[in-house]
Amino acid sequence: MEVRVYRAKEMKDILAQIKRDLGENAIILSTRKIGAGGLLGTPMLEVRATDDNSVLPTSHSSVSHSSEFYGPVGVLPIFVKGESESAQNASVERRAGRTERSLAGIGGNIRRRLEESNREAGRHEWSLPPHMTLEPREREIYEKFMEILSKKGVRETEARLMAAALAPDIPPNVPVTAKALKRFIIQALAARVNTTGPIMRSGRRKIIALVGPTGSGKTTTAAKIAAYESLVKGWKVALISADNFRVAASEQLSKYADLIGIPFAIANTRKEMSLAVRKLAGSDLIIIDTAGRNYMDDRAIERLGALLGSIGSVEVHLVLPAVTREAELEAVIDAQQYLRPSRLIVTKVDEALTHGVIFNVQQYSELPISVIGNGQRVPEDLLIPEPQDIAELIIERRI
Ligand SMILES: Nc1nc2c(ncn2[C@@H]2O[C@H](COP(=O)(O)OP(=O)(O)OP(=O)(O)O)[C@@H](O)[C@H]2O)c(=O)[nH]1
Ligand SMILES: [Mg+2]
């Protein structure tokens with residue numbers, strides 16, 4: 001077996017040279033950095049290669065390919081140098097065995113840690129709300145409820161109240177298992193969640209505005225509602241873009257209006273807004289899409305408030321994404337109080353790992369939920385939820 005040694009600063013230069021000398025199927029036996037070379041003493045690379053592919057490991061040996069070698073000469077396997085094929089194969093197999101053993105070790109560690117943390121979770125004793133006492137079986141049920149609710153991301157204070165109120169009501173024949181108890185917790189959640197039902201319930205003319213933080217899904221949801229109410233429900237719908245922050249934003253909405261086949265207007269000042277609303281007076285439903293603004297920017301929120309204030313009566317829907325941390329969502333809810341929202345829209349539930357956040361923001365804002373956004377498709381990924389839908393989504397991830 002002829003072994004050649006190449007040195008250069010760049011791997012690509014070495015690979016080009018190897019390709020020229022030894023052809024496309026050359027095998028790299030080893031690579032290493034060597035100290036010398038270059039004006040500034042830049043490290044050089046040294047590569048040993050051969051065109052004798054009998055050194056390749058047998059198919060079951062696991063030899064890793066380095067991404068460094070994907071490129072000009074294609075995939076060149078890295079291989080350890082050795083005197084003979086059998087010695088090389090044995091070496092590869094020894095290394096593969098070591099890797100498997102160490103992976104098994106890591107897997108074992110992860111599994112052990114998971115088991116420990118599950119045992120911890122099982123051992124966790126949830127404190128009861130103040131002044132509450134429970135019989136031993138009730139206490140056991142309470143613990144189970146708390147385990148389920150906390151796994152689903154329901155805020156602990158809310159969960160404790162719900163679980164403590166519910167535990168004494170569970171009939172004695174119900175086993176204390178998560179499976180048997182889930183339907184009770186779904187019922188309890190459904191009884192607490194507040195939703196509005198369809199946006200258009202009567203033929204009364206309505207103007208709604210979607211407000212909320214940047215990128216929360218306002219424009220997408222405005223288009224979804226417009227398509228649903230107009231194409232499925234047959235109402236006369238119009239869209240207004242009040243987003244003068246980005247040129248592309250009104251274009252985005254105008255395209256949706258074209259696709260749905262409904263009127264569209266842009267209104268960035270109080271005057272333009274009054275004009276647009278007057279022009280679209282024949283519509284059953286006017287949907288206003290607003291600019292997403294940083295919730296800490298009070299001035300922008302005030303300006304938006306003034307713009308919406310120029311419309312006689314507008315139903316404001318606050319759009320929140322289910323994938324934001326709750327502390328921020330609460331800050332957004334606080335900041336947007338100025339706009340007097342009366343409805344909540346929760347988007348991106350398809351991207352959330354747990355859905356307790358829907359319940360938490362609903363309880364925190366005390367606003368009923370009008371719409372759930374569960375994907376990017378317009379208009380398919382829209383849900384006008386009943387409380388039961390939200391409870392099932394939280395506990396069973398079913399929608
Ligand atoms: N997965 C998922 N993505 C969504 C959902 N709703 C919106 N999006 C995506 O979120 C991104 C932002 O959506 P927009 O509707 O432009 O959000 P916006 O609130 O109008 O954004 P700004 O006007 O910039 O504040 C887009 O990529 C949407 O496709 C949803 O329910 N699920
Ligand atoms: Mg937008």
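## Around helix α12

Just past the end of helix α12, R397 takes a positive phi, at about 55 degrees. Keep in mind as you look that this is a predicted model. The helix itself covers residues 387-396, and its buried residues are I390, A391, E392, L393, I394 and I395. So what sits over them? The cover includes helices α3, α5 (178-192) and α11 (356-365), along with strand β10 (369-373).

## A look at I390

I390 is a handy residue to zoom in on, and you'll find it in helix α12. Why does I390 count as buried? Because it has 27 C-beta neighbours inside 10 Å, and 20 or more is enough for that label.

Leaving aside residues up to four places away in sequence, I390 touches V193, T195, I358, I369 and P385. There's also I372, which is 18 residues away along the chain; its C-alpha atom and that of I390 are separated by 9.0 Å.

## Where α3 meets α4

Helix α3, which turned up above as part of the cover over α12, also packs against helix α4. Here α3 is residues 136-151 and α4 is residues 156-166; the angle between them is about 145 degrees, and their axes are 9 Å apart. The crossing is right-handed.

On the α3 side, the contact is made by Y142, F145, M146, L149 and S150, while α4 brings E156, A159, R160, A163, A164 and L166. Sorted by class, that gives eight nonpolar residues, one polar and two charged.

## Around ligand 1

Now over to ligand 1, which has 20 residues around it. Which ones are closest? They are G217, T219, T220, G292 and G373. Helix α6 (residues 218-232) gives the most to this shell, with three residues.

As for the mix of classes, the shell around ligand 1 has twelve polar residues, six charged and two nonpolar.

## How far to trust the model

Across the protein, pLDDT averages 82, and 78% of the residues score at least 70. Among the elements, strand β9 (residues 343-347) has the highest mean, 98, and helix α2 (residues 85-123) the lowest, 55.

One stretch to watch is residues 57-85, where pLDDT stays under 50. The model does have 58 contacts for this stretch beyond four places in sequence. Still, where pLDDT is low, the predicted coordinates shouldn't be read in detail.

Note on methods:
Residues numbered from 1 in each chain as written. Chains lettered and ligands numbered in written order. Predicted model: local features only at pLDDT ≥ 70, side-chain atom pairs only at ≥ 80, totals over all residues. Axes fitted to C-alpha atoms, helices over the stretch in contact; angles between N-to-C directions. Helix = DSSP H or I, 4+ residues; strand = E, 2+ residues; numbered from the N terminus. Left-handed = near helix turned anticlockwise from the far one by under 90°. Contact = placed C-beta atoms within 7 Å. Nonpolar A, V, L, I, M, F, W, Y, C, P; charged D, E, K, R; others polar. Buried ≥ 20, exposed ≤ 12 C-beta atoms within 10 Å, placed from the backbone. Near = placed C-beta within 6 Å. pLDDT = per-residue confidence, 0-100.
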